Amino acid sequence: MKYRNIITIASIFFSLVSCSQDDTYIGGSTSGGESEMTSIYPVPPAQWMGTNDPYYSAGYTGDIMPFFDNGKFHIYFLHDAQNKPAGKGFHDIHEYLSTDLAHFTYEGQTIPFGKTADPDFAIGTGSVVKVGNLYYFYYTGHNETPAFVQSNARESVLCATSTDLKNWTKVPSFKITAPAGYYNYDFRDPHVFYNDELKKYSMLVSTQTEPGRKAVLLHFTSADPTSGKWDVQTPIYTTTPQENYLMMECADIFKMGNYWYMLFSENWSGNKGTHYRMATSINGPWTTPENDRIDGEYFYAGKTASDGNKRYVFGWNARKTPENDLGNKDWAGNMVIHELIQNSDGTLGTQAPQKVKDLFSKNRIAEIDAVSENVTITSGNYTLSGATNKALATFKAIGKKARIKAEVTLGNANGISGFVFHTNDSGSYYKIVFDIAKGKIIGYNSASQEVTRIPFQFQINTKYAVEIITEGSVVVLYINGKAALTNRIYGRDKNKWGLIAEGQNIVISNLQITQPE
């Protein structure tokens, strides 16, 4: 997680601009005072309190802390307000509620940030666990004001309790700070669960060794969380010299089948995003799969929840500042959810939740805009012969919400091919392409700069099932139920899109466009 509490004239300007464009690019309700969300990739709606206080404006979805209970997903998240008045804290915890992960209601604020002298003047990521009839929300307290850090740790683990998952009471007597040998400036993101192997409750905390500054997931245990007593153990994982992570944020741990999985996110290396490790025991040893990524770097802070049948990973799709195709990646954005699939070798794959797929039931014809001379169209199949010269076929805009399905076959061992989404009338475009030589799916912005990527090993003359689900500027590509690549593409809904091949020959078959009824 990352903290942002500096407001400049420029950021205020872009906040006002983004608010006016919210319905076009971000999604969610924009009329104010509503709880029913209109988005499958939601952000908090505008004026959720129905007041004129500028803090209670539309915002963005930050780090997500999902918890399933009694048939409902309680999706807690850090709220990133568009307007942050001077002197107030930030990143209070808000909630979405869902039974199917395709429809959401917005429940508003659940845990407020504290005052200037409180350890939770800003709030960071945490997790929920049920002990007896009481729910415990362990979360990060963050306060880096000069007066506070003179005599306090910048970050600590705090707690609030609830009997109904809606009304939370902070426990002022509870506070865990970094023990000796660990860095109290970075000590956050508690993940708490009942550990069947130890018959105790475990808590993972993201921190660093001190001295040495090596990223670790520190382990605490408690026989009874109601006592407030947690004992420090040795780290459950320490970054290797090869990884050299600065922080392993927003950790999660769960068992699926015969394997344990540990998720964490990092945002400083050349391999940014949500990673995972796997083991046959919660005590390790933890192994790194060939592809240890859940998604590309525009999907961050992935944490999971299960309804007892399927497990889902919840992350946020980063927005850009300014909000255009060439803007810089910024913290928080829209919530994106993937269903996790366990492959036969124990590795994890991703696909869209079934209820999200079911939303798109209305067929729409792909209306051709233009094709280059090296594109052949036969019975709805598109052959792009781009080995020598770029091949391009474009279609008319398909609006805010759409699902694109197709089967893709690559004919050459080199070159790139895939999909383009135009951002203006001059012909520039964002492209999501399959690079067979690099073994990656890559997103490039309209300046041909690599933005995000995910490893994927392609074979020639092999048919791949591609599914793209898009809403506003959120564009998520799935392939074979094995991998997902989340992108942020401004202007996507109002401009042309298409197919491309550069140095590659491809066949796109069974192209289908569907939209919600």
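A polar contact is a pair of N or O atoms within 3.5 Å. With that in mind, welcome to a set of close-up views of this predicted model.

**View 1. Ser 206 and its polar contact with Met 248.**
Let us start with Ser 206, which belongs to strand β10, residues 200-209. A polar atom of the Ser 206 side chain lies 2.5 Å from the backbone oxygen of Met 248. Because its relative accessible area is 0%, Ser 206 counts as buried. Look around Ser 206 and you will find the residues it touches, among them Asp 186, Phe 187, Arg 188 and Asp 189. Val 216 and Leu 217 also touch Ser 206, as do Met 247, Met 248, Glu 249, Cys 250 and Ala 251.

**View 2. Glu 297 and its salt bridge to Lys 329.**
Now for a charged pair, one of the salt bridges in a structure that holds 24 of them. Glu 297 pairs with Lys 329, and their closest N and O atoms are 2.7 Å apart. This pair links distant parts of the chain, 32 residues apart: Glu 297 sits in the loop between β16 (273-279) and β17 (299-306), while Lys 329 is in strand β19 (residues 328-342). Glu 297 has a relative accessible area of 11%, so this residue is buried. Lys 329, in contrast, is partly exposed, because its relative accessibility is 28%.

**View 3. Glu 297 again, here with Arg 453.**
Stay with Glu 297 and turn to another partner: its side chain also meets that of Arg 453 in a salt bridge, at 2.9 Å from N to O. Here the chain is bridged between the loop that joins β16 and β17, home of Glu 297, and strand β30 (residues 450-455), which holds Arg 453; the two residues are 156 apart in sequence. Glu 297 and Arg 453 are both buried.

**View 4. Glu 339 and Lys 310, a further salt bridge.**
In this pair, the closest N and O atoms are 4.0 Å apart. Glu 339 is in strand β19 and Lys 310 is in the loop between β17 and β18 (311-321), so the salt bridge ties together parts that are 29 residues apart in sequence. Glu 339 is buried, because its relative accessibility is 5%. Lys 310 has a relative accessible area of 30%, so this residue is partly exposed.

**View 5. A network of salt bridges.**
Glu 144, Arg 154, Glu 155, Asp 186, Arg 188 and Glu 249 are joined into one network by salt bridges that share partners. You have met some of these names already: Asp 186, Arg 188 and Glu 249 are among the residues that Ser 206 touches.

**View 6. The largest nonpolar core.**
This core has 65 residues, and those with the most contacts inside it are Phe 419, Phe 434, Ile 441, Ile 479 and Trp 497. Strand β26 (residues 401-410) gives the core its largest share, five residues. For a closer look, follow Ile 441: its contacts include Phe 434, Phe 456, Phe 458 and Ile 479. Arg 453, the partner of Glu 297 in a salt bridge, touches Ile 441 as well. Elsewhere, a second, separate core of 23 residues includes Tyr 41, Ala 102, Leu 340 and Phe 360.

**View 7. A nonpolar patch on the surface.**
Last, come out to the surface, where Ile 368, Val 371 and Ile 377 form a nonpolar patch with about 220 Å² of accessible area together. Ile 368 lies in strand β22, residues 368-371. Its relative accessible area is 40%, so Ile 368 is partly exposed.

Definitions and conventions
Residues numbered from 1 in each chain as written. Predicted model: local features only at pLDDT ≥ 70, side-chain atom pairs only at ≥ 80, totals over all residues. Heavy atoms only, no water. Patch = residues over 30% accessible without salt bridge, like charges linked within 9 Å, V, L, I, M, F, W, Y side chains within 5 Å. Areas by Shrake-Rupley, 256 points an atom, 1.4 Å probe, with all protein chains shown as cover. Helix = DSSP H or I, 4+ residues; strand = E, 2+ residues; numbered from the N terminus. Buried < 20%, exposed > 50% of the residue type's maximum accessible area, 1.4 Å probe, protein only. Core = buried A, V, L, I, M, F, W, Y, C linked by side-chain atoms within 4.5 Å. Contact = heavy atoms within 4.5 Å. Polar contact = N/O pair within 3.5 Å; in protein donor to acceptor, adjacent residues only side chain to side chain. Lists of a residue's contacts leave out its neighbours within four places in sequence.
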